[in-house]
Structure formats: structure tokens, C-alpha cells
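User: I have a structure open and would like to learn how to read its features one by one. Could you take me through it?

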Amino acid sequence: MAMQAREIEELIRAAIPDAVVRIQDLAGDGDHYAATVISEAFRGKSRVAQHQMVYAALKGRMGGELHALALTTLTPTRD
């Protein structure tokens, strides 16, 4: 069973409460998504560590319910 974009966003926001999350369904099939996640929690962390935080938020659903996720992680810009 495929995941809905809203469910992906909710899981990420539950684990990273300050995150701004944008989800795009790439193929229209509910299996291939792109996510942009912006959070202060990423500051000072490597890109790998940032992605690991997001994957951990998905609680093991990657590769199962969620087939593919193109991930972009960013920190908020400072004024």
C-alpha cells in the first residue's frame, strides 16, 4: 500500500517539529516522491546526517510503503 504525501509530511514534522516540508508526487502513483525539508535542526550536520534524520522520521517505511524519495534538506536562511 502506497503512502500519501500528507502522511509523509506528518511523520517528518512529528520527528522534526520546526520543519517546513514540501512533498511532490513525481509519478502520480503514490510511490515516487520528492521532499524538501527545511529545519534549523540540520544546521552543522552533514548532508548524510540530515538525510538520516528524515529517514528515521519515516520509521522504516522507506523501501516498503514508500518506494522512492528524492530528498533535499536545507537550513533556514538567516537575515
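User: Which handedness does the β-α-β unit have, and which elements make it?

Analyst: To judge handedness, follow the path from one strand over the helix to the next strand, with the strands pointing away from you; a clockwise path is right-handed. In this predicted model, β2, α2 and β3 form a right-handed β-α-β unit. Its two strands, β2 (residues 32–38) and β3, pair in the parallel sense over 7 bridges. As examples of register, A35 has L71 as its bridge partner in β3, and Y33 stands opposite L69 in β3.

User: Where does helix α2 pack?

Analyst: Helix α2 (residues 47–57) packs on the sheet and touches β2 and β3. Its direction makes about 125° with that of β3.

User: Now the sheet as a whole. What is the order of its strands?

Analyst: Strand order is read across the sheet rather than along the chain. Here the order is β1-β2-β3, in an open sheet of 3 strands with mixed pairing. The edges are taken by β1 (20–25) and β3 (68–74); each has a single partner strand, so one side of each is left without a neighbour in the sheet. From one strand to the next, the twist averages 15°. Helix α1 (residues 5–15) also packs on the sheet, where it touches β1 and β2, and its direction makes about 155° with that of β1.

User: Do β1 and β2 run parallel or antiparallel?

Analyst: They run antiparallel, joined by 6 bridges. One place to check this pairing is D25, which stands opposite Y33 in β2. Y33 in turn stands opposite L69 in β3, a handy point for looking across the sheet. The hairpin of β1 and β2 has 6 residues between the strands, and in it G28 takes a positive phi near 75°.

User: How many residues of β2 are buried?

Analyst: For burial, look at relative accessible area: under 20% counts as buried and over 50% as exposed. In β2, 5 of the 7 residues are buried, and the strand is mostly covered.

User: Let me try a single residue. Is T73 buried or exposed?

Analyst: T73 has a relative accessible area of 1% and counts as buried because the cut-off is under 20%. Its place is in strand β3. Leaving aside neighbours within four places in sequence, T73 is in contact with V37, F42, R47, Q50, H51 and V54.

User: Which side chain makes a polar contact with the side chain of T73?

Analyst: That of Q50, at 2.6 Å. Q50 is found in helix α2, and Q50 too is buried, with a relative accessible area of 6%. The side chain of Q50 also reaches the backbone oxygen of F42 at 3.2 Å. Not counting residues up to four places away in sequence, Q50 touches F42, K45, T73 and L74. F42 is thus a useful residue to display, as it appears among the contacts of T73 and among those of Q50.

User: On to charges. How many salt bridges does the structure hold?

Analyst: The general idea is that side chains of opposite charge can pair when their charged atoms come close. This structure holds 3 salt bridges. Start with E10 and R6, whose side chains meet at 3.1 Å, N to O. The two are 4 residues apart in helix α1, a separation of about one helical turn. E10 is partly exposed at 43% relative accessibility, while R6 is exposed at 60%.

User: Which parts does the salt bridge of E7 and R61 tie together?

Analyst: E7 lies in helix α1 and R61 in the loop between α2 and β3, so the pair ties together parts that are 54 residues apart in sequence. The closest N and O atoms of E7 and R61 are 4.0 Å apart. Both residues are partly exposed: E7 has a relative accessible area of 29% and R61 one of 22%.

User: What is the N to O distance for R43 and E40?

Analyst: The side chains of R43 and E40 meet at 2.5 Å. R43 is partly exposed at 30%, and E40 is partly exposed at 35%.

Note on methods: Residues are numbered from 1 along each chain as its sequence is written. This is a predicted model: local features need pLDDT of at least 70, side-chain atom pairs count only at pLDDT 80 or more; totals for chains, interfaces and linings use all residues. Side-chain values use heavy atoms; hydrogens and water are left out. Two strands pair if DSSP finds at least two bridges between them. Axes are lines fitted to C-alpha atoms, for helices over the stretch in contact, and angles run from 0 to 180 degrees between N-to-C directions. Contact means heavy atoms within 4.5 Å. Buried means under 20% relative accessible area, exposed over 50%, partly exposed in between (1.4 Å probe, protein chains only). A polar contact is a pair of N or O atoms within 3.5 Å; within protein, one must be able to donate a hydrogen and the other to accept it, and residues adjacent in sequence count only if both atoms are side-chain atoms.
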